[in-house]
Amino acid sequence: MQGTVDGFSYGLVTPVAAFLMACLGGALGLRCTARALRVRRSWKPGALALGAASIGSGVWTMHFIAMMGFSVSEVPIGYDRLTTVASLVVAIVMVGIGIFIVGYRRTTTMALITGGTITGLGIATSHYLGMAGMRLHGRISYDTVTVVFSVVIAVAAAITALWTVASRRGLLTSVGASLVMGVAVTGMHYMGMAGVTVHLTDDISAAGGVPAAELLAPMLVGPTLFLLLAGLAVFVDPALVAGDRGHRPGRNPAAETCGRTGVPAQRIRPRSPRVTDAAGARSRDRGDAAGRAAVRASHQGRMDLHDH
């Protein structure tokens, strides 16, 4: 028997909340990534790690807020703790790999495609691994075309967001990219859920796992609190908020200064009076010697004419 699936048990509350969490995680993660492209090498790993944790936590929180509104009318739904936690870890690790590739390989086309693909696959993997943690009296199947399309959405959104932030690093650009990522990640989730079919069984035993209200609500507190703290860290750091406008990796500030103001004139140190006087005395001595030599030459020439 096929179960009756409802993805909007609480109306628009869960989709809107899920979208906002995806945007928050994306905004913090992309801002940290943009900052990491400009900081010193010693600070780069920390900025990239914070960005990966922010995006991964945002994606995972979005997924399970949306799942709070998912229900099957005929049976209760539970969740396996280990699989649920693993979906969070996978999201952070795979997103981190993609972000680190972009952070250390700069904004080359290959780095953006590779990093964005891994990031998108991490988002999709987290979603479907979280779905695998569901426990109910039935079997969940997916429409292949819908699943492929949802993965393509996640990968395309990740590549676009990373490319936008890497090429244009302003605050408004990061906000726009985070909105794109929020729409794409939330759309990917509901696109995947649109292809879900539940085939119920006649088993009347307990479904297993932990009920959603008992597991997801406490587990959502941790990632949500982390996102709020990460948002506070970004807000406190002016460079993360406004960015280093006009600065680009590899640019030489000294060369830019010369280019704007021209080559500075060479400074000439004034000589001390003692040195000046000594130089003048030597010049006068040379002039006197030259004068005496000219007088002697003139006198010798008159003597030669008198002899003839």
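In this predicted model, M67 is a good place to start. Setting aside neighbours within four places in sequence, M67 makes contact with Y79, M131, M134, H189 and M193. M67 also belongs to the largest nonpolar core, a group of 50 residues, and together with F70, V72 and M134 it touches the most other members. One of the contacts of M67, namely M134, is thus met again among these well-connected core residues.

The core draws on many parts of the chain. At least two residues come from each of helix 1, helix 2 (44–68), helix 3 (81–105), helix 4, helix 5 (144–167), helix 6 (171–194), strand 6 (196–200) and helix 7 (212–236). The top contributor is helix 2, which gives eleven residues. As general background, nonpolar side chains tend to be buried together in soluble globular proteins.

Helix 4 spans residues 109–132 and includes T119. T119 has a relative accessibility of 2%, so it counts as buried, the cut-off being under 20%. Beyond its neighbours within four places in sequence, T119 is in contact with M94, V95, G98, I99, A158 and L162.

Turning to helix 1, this element covers residues 13–36, a run of 24 residues. From its first C-alpha to its last the helix reaches 35 Å, close to the 34 Å expected at 1.5 Å a residue. Helix 1 is also mostly covered, with 17 of its 24 residues buried. Two cysteines deserve a look here. C23 has a relative accessible area of 10% and C32 one of 2%, so both are buried by the cut-off of under 20%. A disulfide would be a covalent bond between the sulfur atoms of two cysteines, but the structure holds zero disulfides.

The strands offer a smaller story of their own, in the form of an open sheet. Three strands make up this sheet in the order 4-3-7, and their pairing is antiparallel. Strand 4 (134–135) and strand 7 (210–211) stand at the edges with a single partner strand each, so one side of each has no neighbour in the sheet. Strand 3, made of residues 78–79, is joined to strand 4 by two bridges, and these two strands run antiparallel. Across this pairing, G78 stands opposite R135 in strand 4. The sheet also leads back to the starting point: Y79 and M134 are both among the contacts of M67, with Y79 falling within strand 3 and M134 within strand 4.

Terms used. Residues are numbered from 1 along each chain as its sequence is written. This is a predicted model: local features need pLDDT of at least 70, side-chain atom pairs count only at pLDDT 80 or more; totals for chains, interfaces and linings use all residues. Side-chain values use heavy atoms; hydrogens and water are left out. A disulfide is a pair of cysteine sulfur atoms within 2.5 Å. Buried means under 20% relative accessible area, exposed over 50%, partly exposed in between (1.4 Å probe, protein chains only). Two strands pair if DSSP finds at least two bridges between them. Helices (H or I, at least four residues) and strands (E, at least two) are DSSP runs, numbered from the N terminus. The expected span of a helix is 1.5 Å times one less than its number of residues. Contact means heavy atoms within 4.5 Å. A nonpolar core is a set of buried Ala, Val, Leu, Ile, Met, Phe, Trp, Tyr and Cys residues joined through side-chain atoms within 4.5 Å.
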